[in-house]
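Colleague: Could you take me on a close look at the aromatic residues in this model, and at the core around them? I would enjoy one connected walk through that part.

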Amino acid sequence: YGNTAGERFDGEQRALVFPGGAHSGEMDLEDLASHGYASGQSQSMATMQGTEDLDGDGNTEILITSPWHAVDYEADSGTREGALHVISGLASSASLDMDLGTSATSGIIGASAELLFGFRAVEDDFDGDGVSDLIVTALGDSTGETTSGGAIFAFSNAGDDMGTSWAEADTLSDGHIYGNDENGYLGYSIE
C-alpha cells in the first residue's frame, strides 16, 4: 500500500478489487481499487480470485480463501477451520470498507479445528460438462491416523453449491481425496 492506504487501513488485512482498464505511472492502491473487503479476523485471508458466473445470476463471483478463518472467532480465535468466502457480483456502490463476513453471499467452511480449509482454490470445468467446478484444499486435514496429510475437496457444478448460505465442506462436497502421508500436506500446490 502507499502511505495514505497504510494509514487508512490501519494495518488491517484487506482484499482489494481493481476494475479493468489501463493504468500507468506511480499510483496509490487506494486510488485504484473500487471495492475493498476487510476481515475482522487477523491473518484470515489468503487469496482472492475472480471466477466465471458460478450461480447463474449473470455476474462473476469473487472467491476469497481464508484457511486461518475461525468459525466462532469470538469464542476461540485460534481454531482455524478455514473458509471459502463467495461474493456474488460487486456491490452497486464502491467502497473500500466492506466487511467480508457480511459481504459474502455464501461460503464453505471447514468442519474441524486446524483443518485449514481454503488453503488453495481452483475453478474450471474439470469434468467437461460446460459448467464450472471447484477444487478446494484443506492443508491441515488429519483424517484417520495421518496428521496434516491434507485433503482435496471437489465441488462439481459449483454454482449448485453456492446458494445463499454457509455449509460445511464435508457435507457439501461431491468427493474428497485424503493424503495418507504424515505431514504430507496434500493440496499445498494445485493448478
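Modeller: Happy to. Let me begin with what a contact is here: heavy atoms within 4.5 Å. Among the contacts in the chain with a separation of 6 or more, 56% are between residues 24 or more positions apart. Please keep in mind that this is a predicted model. The chain has five helices and 12 strands, and 45% of its 191 residues are buried.

Now to the aromatic rings. Rings pair if their centres lie within 6.5 Å, and by this rule the count comes to three aromatic pairs. One of them joins Phe 117 and Phe 153, an edge-to-face pair with 5.4 Å from centre to centre and 80° between the planes. Phe 117 belongs to strand β8 (residues 117-124) and Phe 153 to strand β10 (residues 151-155), so their pairing ties together parts that are 36 residues apart in sequence. Both Phe 117 and Phe 153 are buried.

These two phenylalanines also lead us into the largest nonpolar core, which has 17 residues. Phe 117 and Phe 153 are among the members that touch the most other members, together with Leu 84, Ile 108, Leu 134, Val 136 and Phe 155. Two or more residues of this core come from each of β5 (83-88), β8, β9 (133-138), β10 and α5 (169-172). There is also a second, separate core, made of five residues, including Met 45, Ile 62, Ile 64 and Ala 104.

Strand β5 deserves another glance, as it also holds a polar residue, His 85. Buried means under 20% relative accessible area, and His 85, at 3% relative accessibility, therefore counts as buried. The side chain of His 85 has a partner for a polar contact, the side chain of Ser 66, at 3.1 Å.

Back to the rings for a last stop: Trp 68, Phe 119 and Tyr 188 form one aromatic cluster. Tyr 188 has a charged neighbour as well, since Arg 120 lies over the face of its ring, at 5.4 Å from the ring centre.

To finish on the outside, the accessible surface of the chain comes to about 9700 Å², and carbon and sulfur atoms account for 45% of that surface. If you go back to the display, I would start from Phe 117 and Phe 153, the edge-to-face pair, and then turn to the cluster of Trp 68, Phe 119 and Tyr 188.

Definitions and conventions: Residues numbered from 1 in each chain as written. Predicted model: local features only at pLDDT ≥ 70, side-chain atom pairs only at ≥ 80, totals over all residues. Heavy atoms only, no water. Phe/Tyr/Trp six-rings, centres within 6.5 Å; stacked < 30°, edge-to-face > 60°. Helix = DSSP H or I, 4+ residues; strand = E, 2+ residues; numbered from the N terminus. Buried < 20%, exposed > 50% of the residue type's maximum accessible area, 1.4 Å probe, protein only. Lys NZ or Arg CZ within 6 Å of the ring centre and 35° of its normal. Areas by Shrake-Rupley, 256 points an atom, 1.4 Å probe, with all protein chains shown as cover. Core = buried A, V, L, I, M, F, W, Y, C linked by side-chain atoms within 4.5 Å. Polar contact = N/O pair within 3.5 Å; in protein donor to acceptor, adjacent residues only side chain to side chain.
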